[in-house]
Amino acid sequence: TPPIWLMRQAGRYLPEYRAVRATTRSFLDFCYTPDKAVEVTLQPIRRFGLDAAIIFSDILVVPDALGQKVWFEEGEGPKLEALTDPSQFGQLSRARLPDRLAPVYDAIRLARSALPADTALLGFAGAPFTLACYMIEGGGSRDFAKVKGWAYAHPESFALLIDLLVEAVVDHLTYQIEAGADAVQLFDSWAGVLPEEQLFSWSLDPLVRIAHAVRSRHPRTPIIAFPRAVGPAALMYRRPDAFAALSLDTGIGAHWAAKELQPHICVQGNLDPLMLVAGGVAMEREATRILDKLAHGSFVFNLGHGVVPQTPPDNVAHLVDIVRNWKPSVS
Ligand code: CP3
């Protein structure tokens, strides 16, 4: 039986999450209040008995800790005071990161001691490229014109930002592991917007540098990489020297992954989050198809991206049953 956990398993689809969320106006203050962060981290474990919890936080705590202004607007998602030229990099500093993010590490310590011994606790961070997207676009984007414009026309100064983020992410993951995270995941949510050569320079290479640095200090802590929407370029991330597992988005075929990725590295994924909204027979068939292809090898069941707010919680319970009751068909 493969283990199962879900990206964004804590969130607005759960009424008990909305109740805690309603007690704090600012989303970042919510992330920085250990009691509340721990409570919502544990909620999906209590309700569904998932095999892993992921600490409740956000990837944008890193730009916040570096000194960039970050806030969340109701119904609009994250906003940042955008970086517009390299002279502003000097205002960003790793020095205050451990203090500013101490509540995240406190939450990890508390969550680890509250969780059952056989439930893993995951820490996480945004990948440098995905963080740079938010930092330069000033929030979400449709075309990533600003960040790409900068990376393509001024690769030397873009590299300075990526290098700073590599160091900050290494610090953040190391502190999370030292506080009790059993494994960590790197979210490169926007990797898929880059062409091949830039994908290597701005996504894969920084992720491998982070993984090597973290592993030199904590060689036994698994690192999961999630280079979202990269298609067949997922082959480049088949790097067991760096990553223990690759998280696959919904666009990657389970059959292809079983043949090309799984012989080299554990894979995680990749049910469409909208199948979890649909539920019923459609979800049963699709989850079983993924299990039949991937559960014979090294595999962690997950979604291809995060749980969406309109997900009926009962469908999550049903999905956990499907995975736990799955049996390999004799062939
Ligand atoms: O997975 C978990 O349960 C752990 C918590 C977690 C959150 N964000 C909580 C959150 C994790 C792992 C993240 C990662 C994250 N944050 C990513 C990478 C994964 C991905 O989705 O691609 C990104 C790109 C972000 C940035 C971010 N944070 C966005 C774009 C948004 C707005 C989206 C939305 O649904 O409103 C957030 C806010 C956020 N982070 C919420 C949650 C539960 C919703 C905020 C709320 O409660 O109102």
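1. Start at the ligand. A polar side-chain atom of H305 sits 2.7 Å from one of the ligand's oxygen atoms. Keep in mind throughout that this is a predicted model.

2. Two further side chains make contacts of this kind. S189 places a polar side-chain atom 2.5 Å from an oxygen atom of the ligand. For D58, the partner is a nitrogen atom of the ligand, and the distance is 2.7 Å.

3. Now widen the view around the ligand. There are 22 residues around it. Those that come nearest are R8, R12, Y17, S189 and H305. S189 and H305 are thus among the nearest residues, and each has a polar side-chain atom close to a ligand oxygen, at 2.5 Å for S189 and 2.7 Å for H305.

4. Next, the pockets. The largest has a volume of about 1400 Å³. It is lined by 41 residues, and R8, R12, F27, D58 and F72 are the closest to its centre. Three of these names have come up already. R8 and R12 are among the residues that come nearest the ligand, and D58 has the polar atom 2.7 Å from a ligand nitrogen.

5. Which elements each supply at least two residues to the lining of the largest pocket? They are helices α1 (15–21) and α2 (27–31) and strands β2 (70–73) and β3 (77–80). β2 gives the most, with four residues. In make-up, the lining counts 22 nonpolar, nine polar and 10 charged residues.

6. The second largest pocket holds about 240 Å³ of space. It has 15 lining residues. Nearest its centre lie W5, L122, A183, I224 and V300. Strands β4 (120–126) and β8 (266–271) each supply at least two residues of this lining. By class, 12 of the lining residues are nonpolar, one is polar and two are charged.

7. Turn to the salt bridges. The whole structure has 14 of them. One joins the side chains of K79 and E76, with N and O 3.2 Å apart. K79 has a relative accessible area of 22%, so it counts as partly exposed. The residue also falls within the range of β3 (77–80), one of the strands that help line the largest pocket.

8. A second salt bridge pairs E167 with R94 at 3.1 Å, N to O. The two come from distant parts of the chain, 73 residues apart. E167 belongs to helix α9 (residues 155–179), while R94 is in the loop between β3 and α5 (97–100). Both ends are partly exposed: E167 has 39% relative accessibility, and R94 has 32%.

9. A third salt bridge brings R112 and D182 together at 2.7 Å, N to O. R112 is in helix α6 (residues 102–114) and D182 in the loop between α9 and β5 (183–188), so this pair ties together parts 70 residues apart in sequence. Is R112 buried or exposed? Its relative accessible area is 19%, so it is buried. D182, at 34%, is partly exposed.

10. One last point on these bridges. R94, E167 and D171 form one network, joined by salt bridges that share partners.

How values were computed:
Residues numbered from 1 in each chain as written. Predicted model: local features only at pLDDT ≥ 70, side-chain atom pairs only at ≥ 80, totals over all residues. Heavy atoms only, no water. 1 Å grid on protein atoms, 1.4 Å probe; cavity = no way out; pocket = protein on both sides within 12 Å on 5 of 7 lines; lining within 4 Å. Points joined across faces, edges and corners; volume = space filled by probe spheres on them. Nonpolar A, V, L, I, M, F, W, Y, C, P; charged D, E, K, R; others polar. Salt bridge = Lys/Arg side-chain N within 4 Å of Asp/Glu carboxyl O. Buried < 20%, exposed > 50% of the residue type's maximum accessible area, 1.4 Å probe, protein only. Near = heavy atom within 4 Å. Polar contact = N/O pair within 3.5 Å; in protein donor to acceptor, adjacent residues only side chain to side chain.
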